[in-house]
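Here is a short tour for anyone who likes to check a model by eye. Keep the viewer open as you read.

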Amino acid sequence: MAKTKELSKDVRDKIVDLHKAGMGYKTIAKQLGEKVTTVGAIIRKWKKHKRTVNLPRPGAPCKISPRGVAMIMRTVRNQPRTTREDLVNDLKAAGTIVTKKTIGNTLRREGLKSCSARKVPLLKKAHIHARLKFANEHLNDSEDNWVKVLWSDETKMELFGINSTRRVWRRRNAAYDPKNTIPTVKHGGGNIMLWGCFSAKGTGQLHHIKGTMDGAMYRQILGENLLPSARALKMGRGWVFQHDNDPKHTAKATKAWLKKKHIKVLEWPSQSPDLKPIENLWRELKVRVAKRQPRNLNDLEKICKEEWDKIPPEMCANLVANYKKRLTSVIANKGFATKY
């Protein structure tokens, strides 16, 4: 893997002279004891630049040969979690000694950059199959079909949630200026659980889940919030309810309650938050709430409900209108998690 010794100018000129005399690459290589690929490279350079000496270089030559670059690119393509230290050791074993900085520069030059791996749900074969089945079955559904869906979900809202990761512009020695810090308390200062729903026409009711939610509490939440939301959003006849496969949602008693109320439920693939557009609304809500900096849990609940009602119907309509893109992404990624 170490860089090979360059041929002298005399040898290069000899290769060109033999080529001019009508000899082929293999004959020249055999006569001079060089590789056919080397002979070909020198002749191609001569044809293009009319010279055999190396062209002027913009800086110091690369410490890693093209073969070495190909090797580390192949390694990171097959194993993206490979560290720079691993690559340094791989090249060292092949005869090339470089630093981690050189490895980093090489990878960036090849168009790669070090990024935090995205956290996604663990998908088993059954999950992947179910996601692909769902995406293919609904890929050609019209936008009108998705307009009839009432999406729902639960989320946790922390008192100091998004605030903890906000960035500030400051000078080098002003890190602890109060304006540049984020107040925190142990264990995040507490949190609340919320249930919410929305459709293409806007947001529905937002409910504060008090205590640990079981099947009975979930059905009570649906009774107090789902049907009133459907009426307020003017869902009309034939609307469809979406919730995920949480055990409380799929319990026999819950299914019986939904059937008794004549509520049609959208069959849903497990481990698929990227297929739920309401996840985008939760993110929007958390950003809005963080800007208002709630002081306690009562304040947090109040602000959550105020900001939920302020989310514009246009945002909801846009999420539904672009739903087909989610299905296309799932199919393109062979059932694995997508950017949504």
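The notes below cover a sheet, a helix that packs on it, and a residue in another helix.

## The sheet

This is a predicted model. It contains an open sheet of 5 strands, ordered β3-β2-β1-β4-β5, in which the pairing is mixed. The edges belong to β3 (202-209) and β5 (264-265); each has a single partner strand, so one side of each is left without a neighbour in the sheet.

At one of these edges, β5 pairs with β4 (residues 240-242) in the parallel sense, over 2 bridges. If you would like a residue to click on, F241 has V265 in β5 as its bridge partner.

## Helix α12 on the sheet

Helix α12 (residues 278-292) packs on this sheet and touches β1 (149-158), β2 (191-199) and β3, with its direction at about 40° to that of β1. How far apart are the end C-alpha atoms of α12? They are 21 Å apart, which agrees with the 21 Å that 15 residues should span at 1.5 Å a residue.

Its buried residues are I278, L281, W282, L285, R288, V289 and A290. Among the elements covering them are β1, β2 and β3, along with α13 (297-310) and α14 (313-321). After α12 comes Q293, which has a positive phi, near 50°.

## A look at V76

V76 sits in helix α4 (residues 66-78). Its relative accessibility is 12%, and buried means under 20%, so V76 counts as buried.

Leaving aside residues up to four places away in sequence, V76 touches T82, L87, L107 and L112. The C-alpha atoms of V76 and L112 are 9.6 Å apart in space, while the two residues are 36 residues apart in sequence.

Definitions and conventions. Residues are numbered from 1 along each chain as its sequence is written. This is a predicted model: local features need pLDDT of at least 70, side-chain atom pairs count only at pLDDT 80 or more; totals for chains, interfaces and linings use all residues. Side-chain values use heavy atoms; hydrogens and water are left out. Two strands pair if DSSP finds at least two bridges between them. Helices (H or I, at least four residues) and strands (E, at least two) are DSSP runs, numbered from the N terminus. Contact means heavy atoms within 4.5 Å. Axes are lines fitted to C-alpha atoms, for helices over the stretch in contact, and angles run from 0 to 180 degrees between N-to-C directions. The expected span of a helix is 1.5 Å times one less than its number of residues. Buried means under 20% relative accessible area, exposed over 50%, partly exposed in between (1.4 Å probe, protein chains only).
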